[in-house]
Amino acid sequence: MKARACWCGSTDHHEFSAEYVRCAICGTLISCVGLSDDELKVADDDSDFYGKKYWLEHQNQDLGFPSIFQRAKLDLTDRNLHWLKTLLRYKAPPSKVLELGCSHGSFVALLRQAGYDASGMEMSPWVVEFAQETFDIPMLVGPVENIELEAGTFDVVALMDVLEHLPDPVGTMSHAIRLLKPDGILLIQTPQAKDEMVYSALVETKAPFLEQFKSDEHLYLFTQSSATALFERLGASFVQFEPPIFHQYDMFFVVSRQPIQMIPEADAEKSIETPKGRFVQALLDQDKRIKSLDEHVKIIDADRAARLEQIHTLTAMVHDLQAKENNTQR
């Protein structure tokens with residue numbers, strides 16, 4: 001099997017697994033069996049890989065993920081809120097946002113509820129129609145390179161679990177950056193490979209990252225350093241990593257061509273104190289309370305475990321003393 005050239009241009013690869021190699025220059029993991037560029041296009045929504053069947057069959061039946069109908073509900077109260085909380089720290093409403101590869105569109109809908117001027121893009125016309133009907137949001141049929149959008153008009157371009165699927169990360173990301181205003185940002189979630197990863201060790205420990213080796217569609221798996229190098233090459237050298245919601249295998253970061261400015265938390269909260277935004281604020285407040293309770297439960301469980309261990313230790317000591325006393329009496 002022959003791997004495609006790395007996004008950095010290198011063809012110097014080291015074997016990583018049966019389906020991936022590691023770039024000797026930047027450390028990116030590269031699929032040896034990924035689909036060709038033509039196979040990744042959606043010319044026929046009924047038969048092409050990223051067409052209708054990808055969402056109705058492949059995601060659920062092959063990968064074991066919840067269906068797109070379930071995800072349209074589930075994502076709102078976990079990953080969407082996590083992404084929104086981070087975005088509010090960098091760009092406040094009514095910033096203009098484009099989400100590439102937005103799937104069912106729930107994040108776009110949440111952003112619009114919070115006051116952002118948000119729209120989404122997908123490759124499959126069926127998914128575009130589904131998102132429009134489900135959330136009443138503006139949608140575009142991609143890929144983004146084929147859409148006529150004015151350069152320098154977006155405050156944010158978001159890519160959640162998209163970067164790893166791109167056959168040409170340099171070309172697509174260059175186009176996305178061109179769409180941004182001078183101080184605009186990219187908001188990206190993607191699997192995080194690590195330089196010290198050894199495939200046999202991942203298998204032996206049943207590491208969560210094993211789920212990311214979907215070699216037909218995850219073409220490039222970046223490390224933090226190789227992702228930074230990608231955007232430095234494109235003139236966006238300011239990269240800020242944030243805690244990902246799925247810390248076992250993802251990374252989550254902000255990219256900009258200019259120094260990244262943070263918004264004070266009080267100002268971020270005030271930016272969504274609008275008639276529509278108050279519903280979002282209620283979700284964020286509830287999420288904060290739930291996480292606080294989760295942490296409290298963890299503390300209680302840890303204390304309970306420590307006390308139980310003490311009981312076991314004391315019980316063992318008592319049994320030992322009783323046994324010694326019985327032996328003495330004999």
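This report describes the sheets, helix packing, cysteines and salt bridges of a predicted model.

## The seven-stranded sheet

Seven strands form an open sheet in the order 6-5-4-7-8-11-10, and the pairing is mixed. Its edges are strand 6 (139–141) and strand 10 (238–242), each of which pairs on one side only. On average, neighbouring strands of this sheet are turned by 20° against each other, direction ignored.

Within the sheet, strand 7 (residues 154–160) and strand 8 (residues 180–191) run parallel and are joined by six bridges. One residue pair shows how they are matched: Leu 159 has Ile 188 in strand 8 as its bridge partner.

## Helices across the sheet

Helix 3 (residues 79–87) lies across strands 7, 8, 10 and 11, the last of these covering 250–256. The angle between helix 3 and strand 8 is about 145°.

Helix 6 (residues 169–179) lies across strand 4 (96–100), strand 7 and strand 8. Helix 6 runs at about 140° to strand 8. Strands 7 and 8 are thus crossed by helix 3 and also by helix 6.

## The four-stranded sheet

Another open sheet has four strands in the order 1-2-3-9, with antiparallel pairing. Strand 1 (13–15) and strand 9 (220–221) each have a single partner strand, so one side of each is left without a neighbour in the sheet.

Strand 9 pairs with strand 3 (residues 29–31) over two bridges, in the antiparallel sense. Here Ile 30 stands opposite Tyr 220 of strand 9.

## Cysteines

The structure holds zero disulfides. Why is there no bond between Cys 8 and the closest cysteine sulfur, in Cys 6? The two sulfurs are 3.6 Å apart, which is too far for a bond, because a disulfide requires cysteine sulfur atoms within 2.5 Å. For Cys 32, the closest cysteine sulfur is also in Cys 6, but at 12 Å, again too far for a bond.

Cys 8 is buried, at 15% relative accessible area. Cys 32 is buried as well, at 12%.

## Salt bridges

Side chains of opposite charge can pair when their charged atoms come close. The structure holds twelve salt bridges. One of them joins the side chains of Lys 85 and Asp 287, at 2.8 Å from N to O. This pair links distant parts of the chain, with Lys 85 in helix 3 and Asp 287 in helix 10 (residues 277–329), 202 residues apart. Lys 85 is partly exposed at 29% relative accessibility, while Asp 287 is buried at 9%.

Glu 242 and Arg 89 also meet through their side chains in a salt bridge of 2.8 Å, N to O. Because Glu 242 lies in strand 10 and Arg 89 in the loop between helix 3 and strand 4, the pair ties together parts 153 residues apart in sequence. Glu 242 counts as buried, with 9% relative accessibility, whereas Arg 89 is partly exposed, with a relative accessible area of 33%.

## A pair between strands, and a network

Lys 181 forms a salt bridge with Asp 155, their closest N and O atoms being 3.2 Å apart. Lys 181 is in strand 8 and Asp 155 in strand 7, 26 residues apart. Which of these two residues is buried and which is partly exposed? Asp 155 counts as buried at 10% relative accessibility, and Lys 181 is partly exposed at 28%.

Salt bridges that share partners also join Arg 71, Asp 75, Asp 78, Arg 79 and Asp 161 into one network.

How values were computed. Residues numbered from 1 in each chain as written. Predicted model: local features only at pLDDT ≥ 70, side-chain atom pairs only at ≥ 80, totals over all residues. Heavy atoms only, no water. Pairing = 2+ DSSP bridges. Axes fitted to C-alpha atoms, helices over the stretch in contact; angles between N-to-C directions. Contact = heavy atoms within 4.5 Å. Buried < 20%, exposed > 50% of the residue type's maximum accessible area, 1.4 Å probe, protein only. Salt bridge = Lys/Arg side-chain N within 4 Å of Asp/Glu carboxyl O.
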